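Colleague: I am new to this structure and would like to know what the words used for it rest on. Could we go through them one at a time?

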Amino acid sequence: MMTTLLFMLSTLIVNDDKTLRLQDVLAQVDQSMNTYVMSGQSQESKQSVLDLISENELDFGDQVEFLIKKYEVLNLVGDIGEANGVFARIPVKEIAEPTTIYILLQNHLSHPLISPDFPTTLELYRQLARIDEDTLESCLHKTLARNLFPTPKPEWKSDRGKAFMDALADPDHGVLARASSGIRAAYAMAHATTSEDRAKVLAAKFGGAGSWAPRYRILIANRIAEANSQHARDLRTRMLADFAGNSSLRKGPSTGDDHRPANARRARLRYWYATVAFQLAEAWWPTDRERAMKYYADAAQFSPDQTDRSLRHEYHFDLRWCEGLDDYLAPYAKRLGEQREYRKALDAWLRAHALNPKWEKQLEAAFVKVHPNGTLASYYRQFIDNAFPIAPDLKLTTLTGERWHPETYRGKWVFIDFWGTWCGPCRKEIPQLKAFYQKLTEEANGRATFIAIAMRDQEKTLRRFVQKNGLEYPVAMGEEHHVRNFSVSNYPTKFLVTPNGRLIRLDRSKWLQIATGLVFGSD
């Protein structure tokens with residue numbers, strides 16, 4: 001009896017040790033994949049990640065997690081034939097973890113050279129419908145939709161592709177049928193060739209498309225517009241009326257425990273509303289400019305704000321699929337100028353420029369029209385202090401023991417970087433951050449300070465990284481409440497706090513230009 005118990009215990013220990021080693025291997029593979037991407041897909045880094053897989057094949061080749069990771073690697077480096085072979089070995093019916101299914105479907109449906117295995121893909125979606133409806137929605141509308149819009153990929157136009165779309169509607173799988181109803185309607189409209197076909201689509205209801213339904217209504221209206229612009233205009237008018245009843249549309253960014261999904265839904269909804277309003281504005285402009293200006297104003301009001309732009313990936317595909325714009329403030333400002341409403345135009349250009357400095361010349365021209373003898377820099381500071389939200393208090397301790405609290409930085413510009421040692425894009429921009437910190441130290445005359453807040457890191461790992469990379473700027477370990485208070489949804493995310501305590505969320509690609517212009521152009 002004792003011998004049996006000892007054997008069982010030793011087996012558990014061995015299995016647990018193997019699981020830990022597998023997790024370590026998978027983490028190493030992730031790091032190598034990240035290096036491959038950051039190196040510009042160099043041959044050396046490609047071989048490195050392939051070697052990691054090969055070296056561990058003997059120990060872990062039969063593990064589902066390892067097979068999926070191998071499939072990811074082969075997709076990434078473009079070995080599609082071997083990737084398809086690995087996909088066929090994955091025991092799909094054994095997978096019960098929603099995130100794992102999502103990753104598998106994302107890899108399987110996102111690569112342009114992969115021909116989908118329709119039966120297996122359908123089974124994965126049905127499994128996801130049984131265990132996690134939220135993940136199902138996200139996987140349908142972020143992964144499957146990429147194969148169908150704005151024009152279906154060739155294999156999805158085939159009879160097999162159409163049969164797959166029909167199978168999604170199987171009433172025996174009601175959750176999947178409801179969740180996919182919007183996608184199926186827009187797909188059907190894309191293939192409609194007669195007025196009768198289009199009428200059938202318009203009569204359908206998107207009972208389970210949830211928060212994604214507006215996307216497919218926009219796609220359908222765009223298709224209708226090709227044949228009947230008046231009908232499309234009527235559809236879009238009804239869409240805006242439906243939008244108006246959605247309380248989420250006018251809410252500010254969430255800072256609650258569910259701020260990430262809440263702000264993602266908000267970003268999508270605001271973008272779709274702004275797109276439809278802009279389409280109506282353009283439709284009415286030739287014949288009714290007063291009505292058109294109201295729609296331009298609506299589009300500008302819900303144009304992506306700072307929080308939305310930090311979640312641009314949530315509506316990235318809609319920019320192309322829905323034939324939308326990245327910014328609806330600038331078109332409104334231009335129309336206001338054409339209508340000689342120069343003060344309103346100046347306000348719109350101020351808001352547009354605060355989000356994207358490319359509008360600098362337009363802002364300067366609009367300012368001169370209203371204040372020919374004024375100073376734009378001081379006017380701009382006043383605008384920020386009136387229009388931007390108050391920054392949350394920041395309390396933490398840096399790795400060197402420096403205590404940060406509001407009194408230590410009040411009256412200064414504060415540059416804040418949310419990052420992590422595990423984050424590839426964060427590591428890539430460290431040289432820029434070093435140079436910017438040096439500029440602040442040498443040229444800001446004590447008017448600016450800098451803090452890098454590391455999230456999801458271990459202090460030991462962080463200290464080692466700081467020392468190895470020679471980071472001289474202040475670094476602190478962040479906590480979850482910092483992420484909630486600042487509504488951080490991805491990394492890196494950067495902010496600038498004004499001397500009067502207003503919070504500016506910096507554009508991910510233009511943060512250096514905006515921060516430098518504000519700190520050093522504000523005298």
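Colleague: What makes Val414 and Val497 in E6 a pair of opposite residues, and which strands are involved?

Modeller: Val414 stands opposite Val497 in E6, and strands here are DSSP runs (E, at least two residues, numbered from the N terminus, as are helices, which are H or I and at least four residues). E3 and strand E6 (residues 493–497) are joined in the antiparallel sense over 5 bridges; two strands pair if DSSP finds at least two bridges between them, so these two count as paired. This is a predicted model, in which local features need pLDDT of at least 70 and side-chain atom pairs count only at pLDDT 80 or more, while totals for chains, interfaces and linings use all residues. Residues are numbered from 1 along each chain as its sequence is written, and side-chain values use heavy atoms, with hydrogens and water left out.

Colleague: How do you know that E3 also pairs with strand E4?

Modeller: E3 and E4 (residues 448–454) run parallel and are joined by 7 bridges, and with at least two required, they therefore count as a pair. Within this pairing, Ile416 has Ile451 of E4 as its bridge partner.

Colleague: Why is strand E3 called mostly covered?

Modeller: Buried means under 20% relative accessible area, exposed over 50%, and partly exposed in between (1.4 Å probe, protein chains only). By that rule, 7 of the 7 residues of E3, residues 413–419, are buried. In a regular strand the side chains alternate between the two faces of the sheet. In E3, Trp413, Phe415, Asp417 and Trp419 are buried on one side, and Val414, Ile416 and Phe418 are buried on the other, so that both faces are covered.

Colleague: What makes Gln47 partly exposed?

Modeller: Gln47, which lies in helix H2 (residues 43–55), has a relative accessibility of 37%, and because this value falls between the two cut-offs, the residue counts as partly exposed. Its C-alpha atom is separated by 9.5 Å from that of Val77, which is 30 residues away along the chain.

Colleague: How do you know that the whole protein agrees with a compact globule?

Modeller: The radius of gyration is taken over C-alpha atoms, and the globule rule is 2.2 Å times the number of residues to the power 0.38. For 523 residues this rule gives a value near 24 Å, and the protein has 26 Å, which agrees. Of these 523 residues, 49% count as buried, and the protein holds 29 helices and 7 strands.
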